[in-house]
Amino acid sequence: MSEPGHIELERAVDSIWAGRRHREDYGDLDSLVESIARDGLLQPITITPDGMLICGARRLAAIRRLGWKTVNVWVRSGISTTLGQLLAEQDDNLLHKPLTRTEEATLYAELKSLMVEDATGRQEASRFTSKHENPRSHGAATVAAPQKGETRQQAALMVTGRNAYTSLERINELQHLAADPAQPDDVQQRAREELDRIDAGGSITGAGHRIRAAQALAELDALAGDPAQPAGIRDTAAAGATRLRELEDTARPADLERLAVLAVERAKSATKKRSAQLASARLHAVEEQPREFLPVRSFVYLWDELSTWTERYDPESIGPSLSGEQWAMFENAVTATVAFLDTARTARNVRRETA
């Protein structure tokens, strides 16, 4: 039976070959050999048109141990030239241009997809065999298909020589964002810039923080420009977006992401009234609406960000640099914060006493 992208046919075992990227430690093959001897090869191994192995190194080793001369295979077309060259490598010392980190991630994603396709077939075969249905239908010998983490580790090991796949997955996320037309233009552009930065030796973790901040910034822009949103939300979102743009080039990536998350939280929780309307309402106590408070989670976000603010600024520089208005605003904020602290502490102590 053939499937899209495959042609199933019989091939001489000796004509199938594997490059150095396939693992040579196959583990205990005894149970697999017994299963194939009993039930046949339920899942054809996958090869390229010229006989190069793509998936099924353990199955190939098992049928060679059994002395088979021919075997059913899936001939898989359509793999990229670069992946084909990678899998065809025979010599560890082969001289070639080193892959960039994003090229490695691209090959990792392609190879992982082929392995998942192969594993899905084996899983289906196990299901059919367990129900005593056509034991020679396409699928695997009755052994457990690899878990998701194992597939990722194997793909990473074959592409990079290391089984750590987390960095490759993070680069793939950036690649998906860069190629996704549903993403805002700014997010796509930022993702492309981060990929270039990674290839130049930049931090993958930092790139992740910055792209998530960019996504939050795009959300703020969308809220600010949405006429269906209340004025308070639009104004708060616009102010948050402006502040984030001011900090993009100077804030640490992790701080920038936290600020972005906080800005979105503030915007979504903002009062629905215009500031002018609020000012008018305060002049009419009878009409004044109940005060709206932000949730505790927002408070935690705020103080998580502010917890180390005194370590990030030089007071000897800040003092003489602020204008009179800015200094007054700062003093008022500190005074209000101390008053808030006293009230919150009192409420906390009362709660403890009555608990």
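In the predicted model, W309, W327 and F330 are linked into a cluster by ring pairs. The search of the whole structure returned three aromatic pairs. One aromatic pair is formed by F299 and F340, whose rings are stacked, with 5.9 Å from centre to centre and 20° between the planes. F299 belongs to helix α12 (residues 296-306) and F340 to helix α15 (residues 324-354), so the pair ties together parts that are 41 residues apart in sequence. F299 is partly exposed, with a relative accessible area of 38%, whereas F340 counts as exposed at 52%.

The protein chain contains 15 helices and four strands. Of its 355 residues, 36% count as buried. The chain exposes about 21600 Å², of which carbon and sulfur atoms supply 52%. Among contacts between residues at least 6 apart in sequence, 74% join residues at least 24 apart.

Side chains of opposite charge can pair when their charged atoms come close. The structure holds 14 salt bridges. One of them joins K112 and E169, with the closest N and O atoms 2.8 Å apart. This pair links distant parts of the chain, since K112 is in helix α4 and E169 is in helix α6 (residues 166-179), 57 residues away. Both K112 and E169 are buried.

Helix α4 (residues 101-130) also holds E104. E104 is buried but has no salt bridge; R162, the nearest side chain of opposite charge, is 4.3 Å away. A salt bridge requires a side-chain nitrogen of Lys or Arg within 4 Å of a carboxyl oxygen of Asp or Glu, so a separation of 4.3 Å does not qualify. Leaving aside residues up to four places away in sequence, E104 touches L99, V159, T160, R162 and L168.

Helix α10 (residues 253-268) has 16 residues and reaches 23 Å from its first C-alpha to its last, close to the 22 Å expected at 1.5 Å a residue. Its buried residues include L256, A260, L262 and V264. D255 also counts as buried, at 4% relative accessibility. The side chain of D255 meets that of R252 in a salt bridge of 2.8 Å, N to O. D255 forms a salt bridge with R258 as well, the closest N and O atoms being 2.3 Å apart. R258 and D255 both lie in helix α10, three residues apart, which is about one turn of the helix. R258 counts as partly exposed, at 33% relative accessibility. Elsewhere, R190, E194, R197, R210 and E248 are joined into one network by salt bridges that share partners.

Terms used
Residues numbered from 1 in each chain as written. Predicted model: local features only at pLDDT ≥ 70, side-chain atom pairs only at ≥ 80, totals over all residues. Heavy atoms only, no water. Helix = DSSP H or I, 4+ residues; strand = E, 2+ residues; numbered from the N terminus. Expected span 1.5 Å × (residues − 1). Buried < 20%, exposed > 50% of the residue type's maximum accessible area, 1.4 Å probe, protein only. Lys, Arg positive; Asp, Glu negative; His and termini not counted. Contact = heavy atoms within 4.5 Å. Phe/Tyr/Trp six-rings, centres within 6.5 Å; stacked < 30°, edge-to-face > 60°. Areas by Shrake-Rupley, 256 points an atom, 1.4 Å probe, with all protein chains shown as cover.
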